[in-house]
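Me: Please take a close look at the salt bridges in this model, and at what surrounds them. I would like one connected account that a first-year student can follow.

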Amino acid sequence: MALAVFFGCTFIAFGPALGLFLLTVARDPLRIIILIAGAFFWLVSLLLSSLIWFIAVKSSDPRDAPLQKGLLIFGVMFSVLLQEAFRFLYYKLLRKAIEGLVALSEDGCSPLSIQQMAYVAGLGFGLMSGAFSMINLLADSLGPGTVGIHGDSQLYFLTSAFMTMVLIFLHTFWGILFFHGCETRHWWEIVAVVLTHLLVSGLTFFNPLYVSSLVPAYLLMVATAAWAYLLSGGSAQNLRRFLLCLRSGTTPQLGS
């Protein structure tokens with residue numbers, strides 16, 4: 001049973017993202033570098049936010065429960081803001097990289113567009129975020145403990161896997177929206193990314209009322225995916241054809 005939970009939750013959390021990686025990233029060394037660098041930027045943001053939260057907790061009274069809960073909320077919100085700050089820094093770095101690639105190329109064009117870089121960078125953010133969200137849970141799922149033995153929900157591992165999957169996708173879509181906002185100077189798109197990131201992170205405080213966190217998160221993912229699709233060059237007509245399983249014309253070239 002433990003192995004079934006382990007592999008089931010692993011494939012739920014990382015299966016779709018792994019499919020995207022194999023189809024759109026794995027065959028291009030440049031995209032792999034961008035993905036790994038994006039994961040590194042997310043990792044640095046986590047390190048800094050964890051350091052701030054650790055200092056805050058150690059300098060406070062551990063017996064003050066309301067204060068500790070407030071510090072937890074502060075840590076989550078601060079971590080989100082720091083992640084988005086590092087997403088912006090990564091955008092600036094990739095912008096410089098594009099200028100260098102254009103200067104070195106024979107035809108004066110970058111091998112990757114900023115939209116493609118945004119997609120790969122967002123996927124890197126999401127994969128590293130998902131890895132840190134699930135690695136300890138997957139290790140615990142192998143036993144020897146039993147979930148729910150003391151009356152808690154038995155859906156803990158399963159819902160954590162579904163939340164990890166939605167966060168990986170959201171990071172991918174947020175990357176597209178964020179980079180587009182920076183490119184076009186539509187700052188309200190950047191603000192929308194930050195606010196929705198704060199919202200999804202805040203929804204986790206409703207756990208163990210998992211419906212209250214998962215359902216809004218997935219609805220937001222669908223809306224964000226449609227928005228990112230349209231900004232990437234897709235059309236509402238093609239989106240409707242896709243949803244109706246009809247053959248369509250051109251599609252956005254994020255992975256080609």
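Reply: D28 is partly exposed, with a relative accessible area of 25%. In this predicted model, D28 forms a salt bridge with R31, and the closest N and O atoms of the pair are 3.4 Å apart. R31 has a relative accessible area of 5%. Buried means under 20%, and partly exposed means between 20% and 50%, so R31 counts as buried and D28 as partly exposed.

The structure holds three salt bridges in total. Another one joins R87 to E84, with 2.8 Å between the closest N and O atoms. Both of these residues lie in helix 3, which covers residues 65–104. They are three residues apart, about one turn of the helix. An α-helix has 3.6 residues a turn, so residues three or four places apart point the same way. R87 and E84 are both buried.

The remaining pair is E183 and R95, whose closest N and O atoms are 2.7 Å apart. E183 lies in helix 5 (residues 156–184) and R95 in helix 3, so this salt bridge ties together parts that are 88 residues apart in sequence. E183 has a relative accessible area of 30%, which makes it partly exposed. R95 is also partly exposed, at 26% relative accessibility.

Helix 5, where E183 lies, has 29 residues. From its first C-alpha to its last it reaches 41 Å, close to the 42 Å expected at 1.5 Å a residue. Helix 5 is mostly covered, as 24 of its 29 residues are buried. E183 is partly exposed, so it is not among those buried residues.

Just after helix 5 comes R185, which takes a positive phi of about 60°. R185 has this positive phi although it is not a glycine. The residue lies in the loop between helix 5 and helix 6, the latter covering 187–203. With a relative accessibility of 60%, R185 counts as exposed, because the cut-off for exposed is over 50%.

To put the three pairs side by side: D28 and R31 are 3.4 Å apart at their closest N and O atoms, R87 and E84 are 2.8 Å apart, and E183 and R95 are 2.7 Å apart. R87 and E84 both lie in helix 3, whereas E183 and R95 lie in helix 5 and helix 3.

Notes:
Residues numbered from 1 in each chain as written. Predicted model: local features only at pLDDT ≥ 70, side-chain atom pairs only at ≥ 80, totals over all residues. Heavy atoms only, no water. Salt bridge = Lys/Arg side-chain N within 4 Å of Asp/Glu carboxyl O. Buried < 20%, exposed > 50% of the residue type's maximum accessible area, 1.4 Å probe, protein only. Helix = DSSP H or I, 4+ residues; strand = E, 2+ residues; numbered from the N terminus. Expected span 1.5 Å × (residues − 1).
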